[in-house]
Structure formats: structure tokens, C-alpha cells
Amino acid sequence: MNERFEKLNEEKVFKDPVHRYIHVRDRLIWDLIGTSEFQRLRRIRQLGTTFLTFHGAEHSRFGHSLGVYEIARRIIDIFRSRGDWDESQTQLALSAALLHDVGHGPFSHAFEKVFGTDHERFTQELILGDTEIHDVLAKVSADFPVQVADVIGKTYPNRLVVSLISSQIDADRMDYLLRDAYFTGVSYGHFDMERIWRIMRPSEDQIVFKLSGMHAVEDYIMSRYQMYWQVYFHPVSRSAEVILTKILHRAKVLYESGYSFGQTPLQLIPLFEGGMTLQDYIRLDESVMLYYFQTWQQERDKILSDLCGRFMNRRLFKYVQLSKDQLIAEDALTDAFREAGIDPEYYLEVDSSSDCPYDFYRPGEREERQPILLLMPDGSRHELSQESDVVASITGKRRTDHKLYYPKDSVLALPESSAVRKKISELLHFPT
Amino acid sequence: MLEEHAKVAELIRQAGGINGRRKLQKIVYILQKLGVPFYETYHFQVHGPYSEELSLQLEELCDFGFLNESWDSENGQVAYSLTHGGEEFLNGHGHLLPDLSPIAEKLLAQQNSFLELTAAMLYFDTLPTEKVIEKVQSLYREMKHEQIRSAMDYIATLRGTRSEFQTVG
């Protein structure tokens, strides 16, 4: 055994609600889990604001990352048992699976929208920069951190290793669908993962699936579809996400205008000033952010304190389905909000499917991205929706939705007889 | 509202329509890398940088009736054009993008495969030139050195055009 890939004297296990046990046999993986940057993932929820809709959704990116590692490990075991796996790629694939989300910050998506940060760039920096993770990886070889970063960035030449971590059916999606279904408590989202593992056939450029197991793949696709509409794009979670985005935006605007915070957000200043270092980023987690949101409820600035109160106490925005007419009449709507003393910059927001970081399966245009391919008995490959009526019925469906979020309670607090209240009600199509 | 969507619609308006999702994907990416304010998130896929966010924005613009998506059977790809509703939508947004006509013309004239190579090279533009070439060759094994060199020259030309559109708008 190569010393670089030392085995632990005794296998370590983590008890896990989705996979029962997560097994760690490699010193490399154990050391990566022990780094402070990886432990930080315990303080970042996997589903951001979804816990405000599904109270069980308090699980962290730490558990998910371990789950992705475990799935990759078990798939590799199956490939290995059939002689279908290049052993030299094992530690690389497992490290990439474990670290694929390590650059996520607190409420990543809202942060990215307001501050232009990119969790994928931070993942790369955490692997390649001056970090404990880099030190552990570099013990394998000088270029090992670059290889891990390339697999996660999908630019590693071995497409099979990349597709294990990132493709239409990969270890990442398999874990988050099952884990998110478990913690949210929804009854959809389940599929026979072990059956899928057994029908996977590695090829040079991607993993394909035996036709005989098509129904297991169909279940997985249905699970993605249902979880998208019922959990990931749930309007209440999206409303919380909108408010969170507005809080960050307001705090940034206040900071830039020289406002004197009662509780100065020292850890956010590098973000406001656009000079965030890797070390600044690592210090941020949800406990830090929730502390600010809690204390900002007492800020002098009415907008910031109101938005924080809404987030912390779940007084969320209501929504209407956005119509083409409302989009074209945008000026009338924002003018009416201004007239009512409700600042539209913070209290009126469109949320679209394209704002949601999840999607469901679509084959896409030819040569756009890799579709799911079935391996037919004659050795040919067919795209899944060509063979499966169930999948075809979903992939043809519209996958977009648009909602306009606003504080209905503030509108209803306007005098009943006021013309502006009537005007807003008409424009938003809700009864006064 | 929907300002990022409006920028995509505005690009299609300025280009007088764009044929092919793949071409549109690469054009937006290349413009983004040249400093045009497009903020869609791109990831590296089998055929170079690809944005699921942009793909959804296009569907959303079509759902609202702001874009027309038709099938260009001659070239086997979809064609996007701005509708009357799209014009109305853009009227409410003022100047979102500079005048991109000098560069849009250059980009539209290229084959999809060449734009893909150009976008891929830009994706690695934080690496030294030799590493970019090495990286692209490892990902596109069939790619010849001359093609890569030609894409590099093209990127230099595009960067030269940048001053023409950055001052306008």
C-alpha cells in the first residue's frame, strides 16, 4: 500500500439517518473531515431558509458532504468488484466527493445575489489556498489539490470521475434528494438508490444505465421533480430567501452611506467593501449571521429592523403569481408603493425559477450538456426520455414560475378608504 | 424587475435575433468575460461553459411572450427573436447594456464549435497561457494546436474591441 494512502488502524464510522453508517477507512479522508474548514460545514444548513417552512430541515452541509462521500465510496466498491474501476482514481474521487460543497457560506445563494460572491470559487480557493484542507491534500502529492479542484470544477480530463460527483445522476443529487426528503418529512423524494448503483455502467466519458433498471431511474427523476416543486421552490421558503436578500442589501446600502450601526457588523465589512479574503469568508457561518439578524431588530433604521424582525419571527412576505401585465405596469406598481410609504426597493421583489439553485431533469438541446443515457441490450445508448413515457411526460413540462413578493400586512395596514391601498390591491389582484 | 432577463432580451434585440441555444450560451459567457454586465452563473460542462440560469431565463422570457422561440429546421436549432411584448418590456428598462453591435456581429459570424473553444479558453483565463493550452488539450483531445492558437488570436481581437462598446451606453 502506498504510504500516501495510509489506512486507519481501525475503521471509523458515523451514524447517519440516510445511509445508516458512513465508513471511513482512509487516513486522508479522516484528516480532511477533521480540518476546521470542513467542520465549519456543521454550522451551515443544507437547505438555507427551508427550515422556516419545513421545521425539520435543520440538517447541515456537513452531513450532506459525508453522505456524498459515502455514496461515491459504495459506487466505487461496486465498480471495483466488477473490474470496472481504475484504482488510481479512488482517493481523488472520494476527496472530491467529500469536499464538493466546502466553499458554501451561510445562506450562500442570498450572499451571492447581493455581494457577487461565488461559493464554487471559494471551494477552489479552500482547496488550493493556504488552508488546513490544502495541507492535508498536498501530503498526497504536490498536484493532488489541483486534481481535486479540477474534479469539483468539472474540468478534470477523466470524465468518469467527474460524472460520479457531478452529472444528471450523481452522488451529490442522490444524497441531497434522500437527505432533504428525510429531514423535511415529505413523503416524496424516495427512490431505490442501491438498485441504481447496480445498473450503473461506467464508460470512458460518463456513467450509463442498463435498460433493465430504467424504472429505478424513473423513480429518481420523479423524486427530483417532486422535490423541486414541493420543497426547493416552495413559495414560503422563497419568501424567506427574498427577505434575507433584502436584509443583506439594506445592510450594505446603510454601510455605504456611512450609517452608524448600533451593532457594527465587523465580520461583514470585508463583504461590504468588496475585499473579502479567504480567511474572512471562513469566519462566516449561520450563527454569525443569525446573531446580526437578531440584534439588528433593535436598529434605528426602520427598514433593517423591520426586515430582520420579519425573518426572525417568520412574518414573511405574501405573493401573487406574476403576470405579464404586472411586469409591463412595473412603474405604476412601484409608484403606488412609494406613495404608500413602502419602499419598493426592499418590499417588492420578483422571484423566478431561475433564482432557485435547483432544477429537475431535462435532456437539453443536443450537445448542450450530458443527458441520462440508457444502455440498450444491443450496446447502443438511448436518451432516457426516448424510452420512458414517465420521464417524457415530465421533461415536456414547463419548468418556470414567477411570483411577486410583497408585505401584504403593510398594505392592509393602510387606511381602508385610501386610494393608494385600492390601487395596490387592483394592481396585485387581491381583494381589499 | 427581472433586470437580468431584460439584458438577455436586449442582447437578442441588438443582435437582430440569435439562432441556437448553444451559440447564445457561449456569446453571453464571452461577453461576460469581456466585462459586459451579465451575471449568470456558468459551470463547465462537457461542451464548455454552460449556464442553467440563462437557460431558464430564456424559457421564462418565452413564457411571458417577450421572446419568440422557433425551430430553424435548416440548421437544426432553435431561433430566438424579440416580440412586440418584448419591446414593451424593454421600454420600461432604459439602457441596460452598451451598444454591442461591433462585437455581436463578430460573435454571430462564428461557428458554434469555435465559440465553444473560445469560451473554454476564457474559462481558464486566470491560468498562464501554456497552462490554458495544456488544459484545453486535455479536455478536447481532438483539438489541434492551430485551432487553439486561432482562438487565442480571436480572444485578443475581442479584447481589442472591448473599448468600442465599453464607452457607449
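In this predicted model, a good place to start is Leu99(A), which touches Leu32(A), Phe38(A), Thr123(A), Ile127(A), Ile133(A), Leu137(A), Val148(A) and Ile152(A), leaving aside residues up to four places away in sequence. Leu99(A) is also among the residues with the most contacts inside the largest nonpolar core, a set of 203 residues. The others named for their contacts there are Met174(A), Phe209(A), Phe293(A) and Trp296(A), together with Leu11(B) from chain B.

Two of these core residues, Phe293(A) and Trp296(A), lead on to helix α16 of chain A, which spans residues 286-296 and has both of them among its buried residues. Glu286(A), Val288(A), Met289(A) and Tyr292(A) complete the buried set of this helix. Viewed down the axis of α16(A), the buried residues fall within an arc of 160 degrees, so they line one face of the helix. Their packing partners are α5 (108-115), α13 (235-256) and α17 (302-312), again in chain A.

Helix α17 of chain A also holds a salt bridge, in which the side chains of Arg310(A) and Asp306(A) meet at 3.0 Å, N to O. These two residues are 4 apart in the helix, about one turn. In general, an α-helix has 3.6 residues a turn, so residues three or four places apart point the same way. The partners are covered to unlike degrees: Arg310(A) is buried, with a relative accessible area of 1%, while Asp306(A) is partly exposed at 22%.

A comparable arrangement appears in helix α19 of chain A (residues 330-339), where Asp335(A) and Arg338(A) are 3 residues apart and hence separated by about one helical turn. Their salt bridge brings the closest N and O atoms to 3.4 Å. Here Asp335(A) is partly exposed, with a relative accessible area of 42%, and Arg338(A) counts as exposed at 53%. Elsewhere, salt bridges with shared partners join Glu70(A), Arg73(A), Arg74(A), Asp77(A), Arg80(A) and Glu87(A) into one network.

Over all chains, the structure holds 36 salt bridges. One of them pairs Asp205(A) with Arg381(A) at 3.6 Å, N to O. This pair links distant parts of the chain, 176 residues apart: Asp205(A) sits in the loop between β3 (200-202) and β4 (207-210), and Arg381(A) in strand β8 (residues 381-383). Both are partly exposed, Asp205(A) with a relative accessible area of 34% and Arg381(A) with 35%.

Turning to the interface, chain A contributes 34 residues to the contact and chain B 36. The two chains bury about 3200 Å² between them, with 56% of that area on carbon and sulfur atoms. The count of salt bridges between the chains is 1. It is formed by Lys135(B) and Asp150(A), whose closest N and O atoms are 2.6 Å apart.

Within chain B, helix α2 (residues 21-33) has 13 residues and reaches 18 Å from its first C-alpha to its last, close to the 18 Å expected at 1.5 Å a residue. This helix is mostly covered, with 10 of its 13 residues buried. The buried residues include the charged side chains' bearers Arg22(B), Lys23(B) and Lys26(B), alongside Leu24(B), Ile27(B) and Tyr29(B). Just after α2(B), Gly35(B) takes a positive phi of about 100 degrees. Further along chain B, Ala104(B) lies in helix α5 (residues 101-108) and counts as buried at 8% relative accessibility.

How values were computed: Residues are numbered from 1 along each chain as its sequence is written. Chains are lettered from A and ligands numbered from 1 in the order in which they are written. This is a predicted model: local features need pLDDT of at least 70, side-chain atom pairs count only at pLDDT 80 or more; totals for chains, interfaces and linings use all residues. Side-chain values use heavy atoms; hydrogens and water are left out. A nonpolar core is a set of buried Ala, Val, Leu, Ile, Met, Phe, Trp, Tyr and Cys residues joined through side-chain atoms within 4.5 Å. Buried means under 20% relative accessible area, exposed over 50%, partly exposed in between (1.4 Å probe, protein chains only). Contact means heavy atoms within 4.5 Å. The arc is that of the directions from the helix axis to the C-beta atoms. The expected span of a helix is 1.5 Å times one less than its number of residues. Buried area is the accessible area (1.4 Å probe) that two parts lose on being put together, summed over both. A salt bridge is a side-chain nitrogen of Lys or Arg within 4 Å of a carboxyl oxygen of Asp or Glu.
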